[in-house]
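Visitor: I'd like to know what stands behind the labels people put on a structure like this one. Can you walk me through a few?

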Amino acid sequence: MRAGLLDWYDEEGRTLPWRIRPEDRRAGKTADPYAVWLSEIMLQQTTVPHGTPYWHKFLEAFPTVIDLANAERETVLNMWAGLGYYARARNLHKCAQIIRDDYDGAFPKTEAALLKLPGIGPYTAATIAAICFDQATNIVDGNVERVISRIFKIEEPLPEARQPLRLLAGTLADPRRAGDYGQAVMDLGATICTPRSPNCPDCPWDNYCLAKANGHPEAYPKKSVKKPKPIRYGAAFVALHDGEVLLETRPDKGLLGGMAGLPGSEWTAEPLKNPLEAAPFEGDWVKSDNEVKHVFTHFELRLDVYKAEFETRPDSNQAWADDYLLAGLPTVFKKALKTVQF
Ligand code: SF4
């Protein structure tokens with residue numbers, strides 16, 4: 001199975017800008033851990049086409065991990081805007097500083113040492129260790145889980161099946177070409193063994209696959225029924241003065257921590273009784289007809305948006321922002337600005 005998959009990967013594996021192709025690897029080229037780490041953190045919960053321009057942008061602005069560590073955190077967060085899950089950007093910056101300060105700017109080579117760094121979980125540690133340092137690790141992401149669940153026709157649903165799938169994936173992993181093997185299974189899941197319509201005739205593992213033999217590979221992995229996300233409610237305020245918008249810096253801890261945002265209320269389980277109490281100052285606040293809906297990992301937010309124009313700039317120790325700063329706002333606040341046609 002390993003040989004068949006690696007032959008397929010040598011011919012058909014994806015070419016990605018942070019990746020070393022097998023022929024280059026054989027010629028002695030090695031992957032740059034900084035570039036691989038950056039791509040892995042960006043591609044968590046982000047597609048390759050959406051994440052790749054950010055990867056280029058970051059490498060251009062911060063060619064080395066030391067450059068990233070030396071950057072202002074606000075600059076990093078602004079450049080991250082649009083990728084979502086901002087804890088990743090905060091951890092990215094923190095991790096770069098630890099690599100600069102504790103590791104002389106060179107990534108540690110073992111899975112165990114990588115796992116101790118902020119923002120690096122089991123998948124990312126296994127991937128960097130295998131791809132960059134040829135460590136025999138067991139790389140398991142969503143693509144690998146899908147492929148393995150089909151090969152072995154696992155009836156237990158996700159997420160409960162996660163650990164058994166990991167163990168099964170480990171029995172197949174190739175210690176001799178650990179990085180290529182891990183990338184090969186991920187590529188198989190991304191390009192052939194896709195969620196809805198797996199292309200079994202082109203699959204190097206079709207002879208071994210129990211779900212394919214059963215006739216319904218797309219029915220795997222089985223999934224537990226999802227509970228609906230709880231809803232939270234809030235209000236956001238768009239205060240305008242001379243073409244600029246009032247922004248606030250969100251508290252460091254919590255959702256979108258440390259990011260710029262629109263002033264507003266807490267986000268609560270019940271609709272607000274007196275939303276205007278959360279306004280940054282008194283004004284002729286007009287509520288937008290359109291509510292903002294935004295889905296976070298653990299809840300869905302319904303945000304009422306209020307707008308008011310001010311001829312003289314009200315007293316505030318927060319920043320007034322022009323278009324440039326607004327471009328770096330988290331998506332939920334960009335949606336809020338859109339509802340008031342700003
Ligand atoms: S045979 Fe089909 S279902 Fe099985 S691993 Fe290959 S593409 Fe996926």
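Guide: Let's start with a rule for sorting residues: Ala, Val, Leu, Ile, Met, Phe, Trp, Tyr, Cys and Pro count as nonpolar, Asp, Glu, Lys and Arg as charged, and the others as polar. Keep in mind that this is a predicted model.

Visitor: What makes the shell around the ligand 8 nonpolar, no polar and 3 charged residues?

Guide: Go through the names. The ligand is surrounded by R150, I151, I192, C193, P198, C200, C203, D206, C209, K212 and P217. Ile, Cys and Pro count as nonpolar, while Arg, Asp and Lys count as charged, so the shell comes out at 8 nonpolar, no polar and 3 charged.

Visitor: And where does the ligand sit?

Guide: The space it takes is the largest cavity.

Visitor: Why is strand β7 called mostly covered?

Guide: Buried means under 20% relative accessible area. In β7, residues 300-309, 7 of the 10 residues are buried, so "mostly covered" fits.

Visitor: How do you know that β5 pairs with β7?

Guide: Two strands pair if there are at least two bridges between them. Strand β5 (residues 286-287) has 2 bridges to β7, so the pair counts, in the antiparallel sense. Here V286 stands opposite K307 in β7.

Visitor: Which other strands pair with β7?

Guide: Strand β1 (residues 231-241) does, in the parallel sense over 10 bridges, and V238 stands opposite K307. Strand β6 (residues 292-295) runs antiparallel to β7, with 4 bridges, and H294 stands opposite L301. A hairpin through 4 residues joins β6 to β7.

Definitions and conventions: Residues are numbered from 1 along each chain as its sequence is written. This is a predicted model: local features need pLDDT of at least 70, side-chain atom pairs count only at pLDDT 80 or more; totals for chains, interfaces and linings use all residues. Side-chain values use heavy atoms; hydrogens and water are left out. A residue is near a molecule or strand if one of its heavy atoms lies within 4 Å of it. On a 1 Å grid over the protein atoms alone, a cavity is a set of points where a 1.4 Å probe fits but cannot get out, and a pocket is an open set with protein on both sides within 12 Å along at least five of seven lines; lining residues have an atom within 4 Å of a point. A molecule sits in a cavity or pocket if more than half of its atoms lie within 2 Å of its grid points. Buried means under 20% relative accessible area, exposed over 50%, partly exposed in between (1.4 Å probe, protein chains only).
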